[in-house]
Amino acid sequence: MKRVAILGSSGSIGVTTLRVIKQYPREFKLEALAVNKNIESLKRQAAEFKPGKIAVGDEETGKKIKKIGARDIHYGIEGLNRIASDKDVDIVVIGLSGSVALHPLLSAIRAGKHIALANKEALVMAGSIIMAELKKSKARLIPVDSEQSAIFQCLEGKEQDELKRLYLTASGGALYDVALKDFKYLKKKDILNHPRWKMGQKITVDSATLMNKGLEVIEAGWLFDVEVRNIEVLIHRQAIIHSMVEFVDASVLAQLGVTDMSLPIQYALTYPRRLSNPKNHLNFFSIESLTFDKVDNKKFPCLDFAYRAARDAGTAPAVMNAVNEEAVSAFLDQRIGFTLIPDIIEKIMSKHKTLKNPNLPAILEADTWARRQARELITRLDS
Ligand code: MG
């Protein structure tokens, strides 16, 4: 029986992970939960799964849940770190959105956990630091994101020097069929209506700009030790092939499955085993075709920003990520229009003087600088 902690249990990844845990009661037990402020979800989940430990965003929120019956209640980022490194936890699922995942991920690595990672911002910000910590630890980092999980599965048992190229597939997001000239009319509800995947708000906006794919390119570079010029993005509308690997002998392996996050989540929990799954089987006769297109860089400049940031390396990806988080949040608060998201990212990326081989404090400093720049620019645009 593996004891699981879920960071971000009220989010889309968290909720799906709980469904997987429920499906395999002899394999998994929920030991700890963390949410930011979503008390209603927390109460429901705690009543059903009875975790011993809970973390919430702040003490104020903590007061509201005193009666839930958990042995320990922790707060803030320290609370996330405690749960991520708890001695009673075997598997840590990181379903947090954004850079807040960085410190708990490092805590889980240092504590040698089996980590199911759904967050991409942490690796984008501080990939070199995270991979170096991982080398020193007995922790295992298993990707949950469908594309990274696909590549991870295709690479099992292969040697690094056999790998030639990665193909990351992209379903195209909400705007694939919308003309660039109409982007300026897009409202929040148009963007949050993703055709294939049901996800949290931040990642759904990132899917619309294709920044999500850009973050995945950088993330894949770290996870699989591949230079980004050997990572190609394909628009694959059906989202049946979750990604592919080309080997040096020109053979290509793909991983396929229905569009349901419970599959990669289950695999990240059970790795290296596979458990029987009664539902979710792919019916090949219901697939009309599998298509592949090039990304339109004019419509989706954010993907190029990510390649540029990865090539610049150092603090550049952290800056890009921080500005993106601020711009997306301003868009979700309806302070800026959709088309300003890439404009803001480009402006601040060009202003940044990249520091090579930064340590963690330098990365966090670049993150803070970028957020301040972004907020100032957004306030100017907003007034
Ligand atoms: Mg993905």
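Q: In this predicted model, are D145 and E216 buried or exposed?
A: The model is predicted: local features need pLDDT of at least 70, side-chain atom pairs count only at pLDDT 80 or more, and totals for chains, interfaces and linings use all residues. Residues are numbered from 1 along each chain as its sequence is written, and side-chain values use heavy atoms, without hydrogens and water. Burial is judged by relative accessible area, with under 20% called buried, over 50% exposed and the range in between partly exposed (1.4 Å probe, protein chains only). By this scale both D145 and E216 are buried.

Q: Which residues coordinate the magnesium ion?
A: Donors are N, O and S atoms within 2.8 Å of the metal (3.2 Å for Na, K and Ca), and sites may look incomplete because water is not among the atoms. At 2.1 to 2.3 Å, the ion is coordinated by the OD of D145 and by the OE of two glutamates, E147 and E216.

Q: How many residues apart are D145 and E216?
A: The donor residues of the magnesium ion follow the spacing D-x1-E-x68-E in sequence. D145 stands in the loop between β7 (140-143) and α7, and E216 belongs to helix α10 (residues 211-224), so that distant parts of the chain are linked across a separation of 71 residues. Helices (H or I, at least four residues) and strands (E, at least two) are DSSP runs numbered from the N terminus.

Q: What is the N to O distance in the salt bridge between E216 and K120?
A: A salt bridge places a side-chain nitrogen of Lys or Arg within 4 Å of a carboxyl oxygen of Asp or Glu. K120 is buried, as is E216. The side chains of these two residues meet at 2.9 Å.

Q: Which residue pairs with R19 in a salt bridge?
A: R19 is partly exposed because its relative accessible area is 43%. Its partner counts as buried, at 18% relative accessibility. The closest N and O atoms of the pair are 4.0 Å apart, and the partner is D260.

Q: Which residue does R371 meet in a salt bridge at 3.0 Å?
A: R371 is buried, with a relative accessible area of 12%. The partner also counts as buried, since its relative accessibility is 10%. The residue that R371 meets is E326.

Q: How many salt bridges does the structure hold?
A: Among them are the bridges of R19 with D260 and of R371 with E326. The structure's count of salt bridges is 31.

Q: Which residues gather with E159 in a patch of negative charge?
A: Lys and Arg count as positive and Asp and Glu as negative, with His and the chain ends not counted; a charge is placed at NZ of Lys, CZ of Arg, CG of Asp or CD of Glu. Patches consist of residues with over 30% relative accessible area and no salt bridge, joining like charges within 9 Å and nonpolar side chains (Val, Leu, Ile, Met, Phe, Trp, Tyr) within 5 Å. E159 is exposed, at a relative accessible area of 52%. On the surface it gathers with D161, E162 and D249.

Q: What accessible area do L256, F284, L290 and F292 have together?
A: Accessible areas come from the Shrake-Rupley method with a 1.4 Å probe, and for residues only the protein chains shown count as cover. F292 is partly exposed, with a relative accessible area of 37%. Together the four residues form a nonpolar surface patch of about 350 Å².
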